[in-house]
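Work through the exercises below with the sequence and coordinates at hand. Each task is followed by a worked solution.

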Amino acid sequence: MASTYDTRLGATIQAPPVVAELQSVFANLDDAPLLAALIGPTRRGPKGHPVKALWCCFVAKSVLGLPSTVSMIRTLHNNPFIAEACGIPSPDAIPHEATFSRFFARLSTYNMAAKVKDVSRSLVRRHYASLPGFGERVAFDSTTLQAWSNPSKKGKKPKKIATRGYKARVGMVSDSDAGWSVKKGTKGVKEATFGYKMHLLIDCEYELPIAAHVSVGNVHDVTRASNLFREARTANDLFRPNYAMGDAGYSSQELARLLRLQYGATPIIDPNPK
């Protein structure tokens with residue numbers, strides 16, 4: 001891959017550091033089984049866009065924290081280095097939004113989602129093998145994920161609570177799987193977000209993820225803690241942390257008992273004043 005790019009006006013642009021980071025991520029993913037399943041048997045007719053390029057765009061969208069497919073396509077047009085790192089040689093070769101939507105929907109099917117999880121689990125097992133003390137001290141929490149849909153058809157939003165990041169659009173389709181999540185923001189004011197929750201379990205020493213779980217936004221955090229630890233045990237059957245830390249949203253005697261008896265961890269959880 002070229003490290004410089006000459007614009008039409010004759011200026012030379014250096015590749016930003018994020019491009020090297022993306023290349024490192026792509027090189028370290030054990031995604032060959034997933035790509036083989038996505039490619040499937042050889043068929044006649046137009047080949048379409050390479051599956052590897054679509055998958056790299058999906059990974060880049062997550063690594064760069066891009067909120068939507070449209071913003072990802074804009075980034076590919078604005079930064080030819082990122083596009084080339086994803087396997088897209090020119091702006092004319094950037095897939096259409098509908099192509100990405102179909103590909104992302106295919107990744108979410110049951111069989112493909114399991115193979116996507118295997119890519120993550122492979123990284124976790126590699127961390128256990130190469131990083132001393134990995135998984136001994138873990139922390140778990142959740143964050144809200146906004147649904148790009150109209151929540152008005154799902155019912156009225158909570159009263160006297162500010163909504164975050166939502167602007168009504170004419171013709172937006174309601175997401176029947178999403179729900180309202182109410183949390184205190186950075187200023188201590190309750191905010192409501194229509195969408196989902198990402199529950200994450202990380203290693204405290206290296207700040208690397210061990211397990212993730214997505215739920216509807218109106219699900220209480222403590223009800224999904226067991227899913228996180230079960231996924232961590234699935235990724236590595238040697239998962240036995242010394243300490244497991246969480247905030248008051250996980251204050252539960254049942255969860256504390258589960259962590260001690262099933263995973264051998266000492267729970268360090270803020271008590272709920274209620």
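**Exercise 1.** How much space lies in the largest pocket? Identify the residues closest to its centre.

*Solution.* The model is a predicted one.
- Step 1: the volume of the largest pocket comes to about 2,600 Å³.
- Step 2: its lining is made up of 50 residues, and Phe58, Lys61, Ser62, Leu145 and Met198 are the closest to the centre.

**Exercise 2.** Break down the lining of the largest pocket by element and by residue class.

*Solution.*
- Step 1: the helices that each supply at least two lining residues are α3 (51-63), α4 (69-78), α6 (97-107), α7 (110-130) and α8 (225-235).
- Step 2: the strands β3 (137-146), β6 (190-203) and β7 (208-216) also each supply at least two.
- Step 3: which element has the largest share? That is α7, with 9 residues.
- Step 4: by class, the lining holds 29 nonpolar, 13 polar and 8 charged residues.

**Exercise 3.** Describe the largest nonpolar core and where its residues come from.

*Solution.*
- Step 1: this core has 32 residues, and Phe26, Leu38, Trp55, Leu76, Cys86, Phe100 and Phe103 have the most contacts inside it.
- Step 2: at least two core residues come from each of α1 (17-28), α2 (32-39), α3, α4, α5 (80-85), α6 and α7.
- Step 3: α3 contributes the most to this core, namely 8 residues.
- Step 4: leaving out residues up to four places away in sequence, Phe26 is in contact with Cys56, Val59, Ala60, Ala85 and Cys86.
- Step 5: a second core, separate from this one, has 20 residues, among them Val124, Tyr128, Phe134 and Leu201.

Key. Residues numbered from 1 in each chain as written. Predicted model: local features only at pLDDT ≥ 70, side-chain atom pairs only at ≥ 80, totals over all residues. Heavy atoms only, no water. 1 Å grid on protein atoms, 1.4 Å probe; cavity = no way out; pocket = protein on both sides within 12 Å on 5 of 7 lines; lining within 4 Å. Points joined across faces, edges and corners; volume = space filled by probe spheres on them. Helix = DSSP H or I, 4+ residues; strand = E, 2+ residues; numbered from the N terminus. Nonpolar A, V, L, I, M, F, W, Y, C, P; charged D, E, K, R; others polar. Core = buried A, V, L, I, M, F, W, Y, C linked by side-chain atoms within 4.5 Å. Buried < 20%, exposed > 50% of the residue type's maximum accessible area, 1.4 Å probe, protein only. Contact = heavy atoms within 4.5 Å.
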